[in-house]
Amino acid sequence: MAFISSGYNPKKPMENRITDIGPRKYDEFYPPVIAKNKGKWLYHEILEPGILVHVGESGDKVYTIRVGGCRFMSVTHLREINEIADKYCDGYLRFTTRNNIEFMTDKEENVKPMKEDLLSRKFAGGSYKFPIGGTGAGVTNIVHTQGWIHCHTPATDASGTVKATMDVLFDQFTDMKLPAKLRVSMACCLNMCGAVHCSDIAILGYHRKPPMIDHEYIDKMCEIPLAIAACPTAAIKPTKIEIEGKELKTVSVKEEKCMFCGNCYTMCPSMPLADDVGDGIVLMAGGKISNRRDAPKFSKVVVAFIPNEQPRWPTMTATIKRMIEAYSKDANKYERLGQWAERIGWERFFEKCELEFTHHLIDDFRDPAYYTWRQTTNFKF
Amino acid sequence: MAKHETPLIDQLESGPWPSFVSDLKQEAESRAKNEKNIEYQIPQDCCDDLLGVLELSYKHGRTHWKHGGIVGVFGYGGGVIGRYCDQPEMFPGVAHFHTMRVSQPAGKYYTTKYIEDICDLWERRGSGLTNMHGATGDIIFLGTTTPQLEEVFWELGHNLNQDLGGSGSNLRTPSDCLGESRCEFACFDTQAICHDLTNEYQDELHRPAFPYKFKFKFDGCPNCCVAAIARSDLAFIGTWRDDIRIDQEAVKAYIGGEIPPNAGAHAGRDWGPFDIQKEVIDLCPTKCMRYEDGKLEINTPECTRCMHCINVMPRALRVGNDKGASLMVGAKAPILDGAQMATLLVPFIKVEPPYTEIKETVIEPIWDWWMEEGKNRERLGELIKREGMQKLLEVTGFKADPRMIQEPRSNPYVFWKADEVPGGFERDINEFRKFHQR
């Protein structure tokens, strides 16, 4: 492996340095039909699951085929995406805000062969490379995070939980038979990178044990006041400890005040908390971000704990499937999962989804917790 | 022959959804064969070792990445997420495995030429693995070594006219919905302003100068396809002030069953024939619509522009002509004091280049306040909670407006300023005692 210079001179690092040029300009990459009709679209239609047409004031049409993407992808896979875009789309493509891939063409005759081609491509293990879907009232791609592939604070894996879930929900990706669209998101810790706090169903990695403290190293590795300030429940305080006759500065964690958020570890490498049996999954439900009919909603915790059951998390996927089936059967047309749960009442939601209600689900975080309890006699038996 | 046995993650190769494990294996194989005779600048077997370390995490139920990692390129304070494996002897190919964030074009449109160029670069100088895309919007180059960071950055800047994205306590990479490029609902050019503000504030993006992270997102309408309302400190959400445009003939076509409702989004189930009363009029949140004598009417002043009727009948109803955006502030995830959705600050503002009013009356006054008053690692939303919405109005100069609240306060703990009260706060107890004995 011989080093090949790009032209960068490490002896003169600031020489010929280019900075602050930002991203490439979006319109360099517009397909001609998009450039021509931008801002002048009249309407759209979903022709079938995963296939859209947009019609412009000019009468021009652009057909879009949306396919599922893993988000995590290799250059080999990207080059195969390129090959398809070159073959059918004059070398243009785009990615969606949920990490699906969209192939666009203004040639209607390209749609059918492209569709057949996409569905014929499979990985060696048998999975589709480019499943078509993700439109309308169904389940689309799962917005997710790094997990065990790249992050240091996760309580579960992201790519694995997502693959396991999408396999179970696959027929909802390729069809449009739900009352409304259903967004599933995943975050591997409660930093909640992504959309877990505002999704119809959310998978959240969670710890259940307080951090361990690396007393010998903490004062060398950490800015102790930052670790203290990182705690939402003030469970951490500074202290001193004697090890081998030497007095060391460290912290103590009041276990009954710690709810295992892991934010102290984010700030301080000497407070790791990951654990094989302690860690697992929280499920949340009922969030949305659109303003359609009512305001955006946070997702609510509906399952306090499911163990990590890698590689396929069967309890988690079965629970998600059960929730979606109950929703699909019971909700009205256009009703998002959260709108349905609020209409029938959360007591009925737990009953219909066959979820156990435990004390963990009652809010106890500061003053706002009160507003989540029931100050009315209106409830259902 | 694979370098490591991976019985657990092998089980994620079956099933219909695209398997990241299969893809990772195909990249490992491609690097092993090296048909193009590439001089790989990081270990040729890095993908094998990533499979190995992932398998070990599946066995242990814990991550195998060490805490943190501080690496980067000269001139910038962010853009690269350093990462080191905690079993470097077992998996030397991923001993260093840093992520580089690459600033994406607004709307995420690409040509295959561009994708090919970044693949060539990343295959040679990195792992050949990516995330398309990170949740904030960046193209993610996943896995390289420290000595390659400057080399990748040099090639990006000199050969691809392409910069890094943001990380750290700064302005992160802005992102947008596809807007007017392919949507009839868009109320402003999301891509144009996303690109403009990204360039205007390059210094704030590359060199952390803030108390904590700050994000912009741009949604063309209240459907919020990029989730600005939940995932950005300053959210731009398109809206309009005049009448929804109604094509009465098209309304009749929907009622006659000639056009499927919601553009066919519910075609997978038989929901019965379209019923405009049940599916539109009765579901309108403000009940400002009626359909009588073959004519659809909307009482515009009562409409809150929720998009439902337009979403259901996109060929008959269009957003108004007097378009702009609502600006909302403070969304964040739970850490530290609870999740927040964005709060309405500016009900309506025109979104037209060069966006001077937005920059001078909203963005910069908010930054001036938060950069001075924000505590270490305090998001804007938390500062607003700590110092009050009134303080935000004071620093931006916007007048209090009932549109900014869901409901007025129910507690009477109202602060007044001394100059709002006749006589001020300076009083003499002896004067008071002249009329009120002890």
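These are short notes on selected features of chains A and B in a predicted model.

1. Domains of chain B. The assignment splits chain B into domain 1 (7-159), domain 2 (175-240 + 323-420) and domain 3 (245-318). Domain 2 is thus written as two segments. Between the C-alpha centres of domain 1 and domain 3 of chain B there are 47 Å.

2. Helix α6 of chain B. This helix spans residues 190-200 and is mostly covered, with eight of its 11 residues buried. The buried set is B:T190, B:Q191, B:A192, B:I193, B:C194, B:H195, B:L197 and B:T198. What lies over them? The cover includes the strands β3 (109-111), β6 (175-176), β7 (216-219) and β8 (234-240) of chain B. It also includes the helices α7 and α12 (356-373) of chain B.

3. B:Q202, with contacts in both chains. B:Q202 sits in helix α7 (residues 202-206) of chain B. Is B:Q202 buried or exposed? It is buried, at a relative accessible area of 3%, because the cut-off for buried is under 20%. Its side chain reaches across to chain A, where the backbone nitrogen of A:G22 is 3.1 Å away. Leaving out residues up to four places away in sequence, B:Q202 touches A:D20, A:I21 and A:G22 in chain A, and B:D163 and B:R207 in chain B.

4. A:I84 in chain A. This residue belongs to helix α2 (residues 75-88) of chain A. A:I84 is buried, and its relative accessible area is 0%. Which residues does A:I84 contact beyond its neighbours within four places in sequence? They are A:C89, A:F103, A:M114, A:L118, A:R121 and A:F130. A:I4 is not in that list. The C-alpha atoms of A:I84 and A:I4 are 32 Å apart, with their positions 80 residues apart along the chain.

5. Cavities. Rolling a probe the size of a water molecule over the atoms shows where empty space is left. Here the count is eight cavities of 30 Å³ or more. The second largest has a volume of about 120 Å³. Its lining holds 17 residues, and the closest to its centre are B:C284, B:P285, B:C303, B:C306 and B:C309. By class, the lining has 13 nonpolar residues, three polar and one charged. Which element gives the most to this lining? Helix α11 (residues 308-312) of chain B does, with three residues.

6. B:R305, in the loop leading to α11. B:R305 lies between β11 (295-298) and α11 of chain B. Its phi is positive, about 60°, although B:R305 is not a glycine. B:R305 is partly exposed, with a relative accessible area of 27%.

7. A positive phi in chain A. A:A234 is not a glycine either, yet has a positive phi of about 55°. The residue is in the loop between α7 (224-229) and β9 (236-243) of chain A.

8. Cis peptide bonds. Where does the cis bond from A:Q310 lead? It runs to A:P311, with omega near 10°. A:P311 is in the loop between β12 (300-307) and α9 (314-330) of chain A. In chain B, the bond from B:M132 to B:H133 is also cis, with omega near 5°. B:H133 is in the loop that joins β4 (129-132) and β5 (139-142) of chain B.

Terms used
Residues are numbered from 1 along each chain as its sequence is written. Chains are lettered from A and ligands numbered from 1 in the order in which they are written. This is a predicted model: local features need pLDDT of at least 70, side-chain atom pairs count only at pLDDT 80 or more; totals for chains, interfaces and linings use all residues. Side-chain values use heavy atoms; hydrogens and water are left out. Helices (H or I, at least four residues) and strands (E, at least two) are DSSP runs, numbered from the N terminus. Buried means under 20% relative accessible area, exposed over 50%, partly exposed in between (1.4 Å probe, protein chains only). A polar contact is a pair of N or O atoms within 3.5 Å; within protein, one must be able to donate a hydrogen and the other to accept it, and residues adjacent in sequence count only if both atoms are side-chain atoms. Contact means heavy atoms within 4.5 Å. On a 1 Å grid over the protein atoms alone, a cavity is a set of points where a 1.4 Å probe fits but cannot get out, and a pocket is an open set with protein on both sides within 12 Å along at least five of seven lines; lining residues have an atom within 4 Å of a point. Grid points are joined across faces, edges and corners, and a volume is the space filled by probe spheres set on the points. Ala, Val, Leu, Ile, Met, Phe, Trp, Tyr, Cys and Pro count as nonpolar, Asp, Glu, Lys and Arg as charged, and the others, Gly among them, as polar. Domain bounds come from an automatic or database domain assignment.
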